[in-house]
Amino acid sequence: MYRIALLPGDGIGPEVVNAAVKVLKIAGEKFNTEFEFKTALIGGSSYDKFKTPLTDETLDVCYSSDVVFLGAVGGPDWENLEHHLKPEAALLKLRKALGLFANLRPARVYNSMLENSSLKADVLKGTDVLILRELTGGIYFGEPRGYDDEKGFNTMIYTKEEVERIARKAFEFARQRNKRVASVDKANVLEVSQFWRKVVVEVRKDYPDVQLNHMYVDNAAMQIVRDPKQFDVILTSNLFGDILSDIAAMITGSLGMLPSASLGTKYALYEPVHGSAPDIAGKGIANPIAAISSAAMMLKYSFQMDKASEIIENSIENVLSKGYRTKDIFKEGDKLVTTEEMTNLIIEEFEKI
Ligand code: NAI
Ligand code: MG
């Protein structure tokens, strides 16, 4: 039995979480796995009730679960609140409370969506990259930091422990995939990168079955656009990962289709990359694929239900290949469907396989 904390949040958050839960329930039935769901408030919806975007009750629901599944937070109603009361502040606090140090962003291209990308179809076809970004260290947090009239400065620092734990995750994920890790750094100019490289090589000794290569970040940015198929797992630091994951996201097409996960030692949080989309909230037209695909990631990476995860991804692919599209990815000639219709179509495919 797995316990899943559901934090639907604001805007389209509840709509897409609802879709993902429907798919999870079917996957649970098919694979004889019981899921227990507990729902809690976060973001603006929590603020409206409790005058804070993240309560201790919500944190407790997360602490007592195996994983957290989040929709999205934020919206115009809460934009002018003080910084620490804003819905987005809840996310930062939650990630910190759960010790989530690794961010996973897969860039996978569904065959029937190849034409949505700015890249050529033959370059893109078959792309399936997992970017693993260190999330709690590096230059975004390093001390000293500051600026005065004459200079500005930040510190890029990584400890052995920080590099080791993220590297270990990378090799473990690679084992569940195509057994290749590309570690991205800037070791030709940065000492912190030379250190990063040294630690990664050391950790790799425990994973002799996984292939490791190193790449400079400028080259990696170029290679993701030139030939994304060459990558399996990309392991990188906070700053480089921030940039590379957005590049990788762009080559795959729509924001409504991108899943993500943030992992710690004990907890994991899964969420679609997109926000609360206030412009379409409540209309029943949000694309549920990012959330459903995040649920598929959860099955694979937290519950070792690789088969169920793969079937969900294949079901999404099949539905897309039949021409069904929500409004955000709709083009002339496609079949326009609502959130609910798209979800049910994916479930129908799932039940066929
Ligand atoms: P957004 O991702 O919510 O929306 C950007 C555009 O993409 C909008 O036109 C929206 O309709 C569309 N879109 C996004 N997801 C979609 C989906 N599943 N289906 C169909 N269309 C979709 O980003 P935006 O507008 O910058 O932010 C809106 C609110 O969300 C803000 O309050 C922001 O702070 C918050 N936000 C929250 C995040 C989170 O909870 N992790 C992440 C990003 C933004
Ligand atoms: Mg970014």
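**View 1. Here is the shell of residues around ligand 1.** There are 22 residues around ligand 1, and those that come nearest are G74, G256, H274, G275 and N287. A residue makes it into this shell if its C-beta atom, placed from the backbone, lies within 6 Å of the molecule. Sorted by class, the shell holds 11 nonpolar, 7 polar and 4 charged residues. For that sorting, Ala, Val, Leu, Ile, Met, Phe, Trp, Tyr, Cys and Pro are nonpolar, Asp, Glu, Lys and Arg are charged, and the others, Gly among them, are polar. Keep in mind that this is a predicted model: local features need pLDDT of at least 70 and side-chain atom pairs count only at pLDDT 80 or more, while totals for chains, interfaces and linings use all residues. As for the labels, residues are numbered from 1 along each chain as its sequence is written, and chains are lettered from A and ligands numbered from 1 in the order in which they are written.

**View 2. Now look at where domain 1 meets domain 2.** The chain splits into domain 1 (1-107 + 255-353) and domain 2 (118-252), with bounds that come from an automatic or database domain assignment. Their C-alpha centres are 25 Å apart. How many residues of each domain are in contact with the other? Domain 1 puts in 14 residues and domain 2 puts in 19, where contact means C-beta atoms, placed from the backbone, within 7 Å. On the domain 1 side, strand 4 (102-108) and strand 11 (259-263) are the elements that give two or more residues. Strand 4 gives the most, with 6 residues. The domain 1 side breaks down into 9 nonpolar, 2 polar and 3 charged residues. A quick word on names: helices (H or I, at least four residues) and strands (E, at least two) are DSSP runs, numbered from the N terminus.

**View 3. This close-up shows L212 in strand 9.** Strand 9 covers residues 211-216. Is L212 buried or exposed? L212 counts as buried because it has 20 C-beta neighbours inside 10 Å. The rule is simple: buried takes 20 or more other C-beta atoms within 10 Å of the residue's own, exposed takes 12 or fewer, and partly exposed is in between, with C-beta atoms placed from the backbone. Leaving out residues up to four places away in sequence, L212 touches V181, S183 and R204. N287 is 75 residues from L212 along the chain, and their C-alpha atoms are separated by 36 Å.

**View 4. Helix 8 has a buried side and a face turned away from it.** The buried residues in helix 8 include V217, A220 and I224. They sit on the same side of helix 8 because they cover an arc of only 45° around the axis, the arc being that of the directions from the helix axis to the C-beta atoms. What covers them includes strand 8 (180-185), strand 9 and helix 9. On the face turned away from the buried side you'll find the exposed residues D218, N219 and R226.

**View 5. These are positions that UniProt lists as "binding site".** The unreviewed entry lists D218, D242 and D246; its positions are given in the numbering used here, feature names are shortened, and annotations may be inferred rather than shown by experiment. Although they are spread over 29 residues of sequence, they cluster in space, with a largest C-alpha distance of 14.2 Å. D218 belongs to helix 8 (residues 217-226), and D246 to helix 9 (residues 238-252). D218 is exposed because just 12 other C-beta atoms lie within 10 Å. D246 is exposed too, with 12 other C-beta atoms within 10 Å.

**View 6. Time for some backbone oddities, starting with P144.** Most residues other than glycine have a negative phi, and most peptide bonds are trans. The peptide bond from E143 to P144 is cis, with omega near 0°. P144 lies in the loop between strand 5 (128-134) and strand 6. K179 isn't a glycine, yet it has a positive phi of about 60°. You'll find K179 in the loop between helix 6 (160-175) and strand 8. A277, also a residue other than glycine, has a positive phi near 40°. The loop that holds A277 runs between strand 12 (268-272) and helix 10 (289-301). K179 is partly exposed, with 14 other C-beta atoms within 10 Å, whereas A277 is buried, with 23.

Terms used: Contact = placed C-beta atoms within 7 Å.
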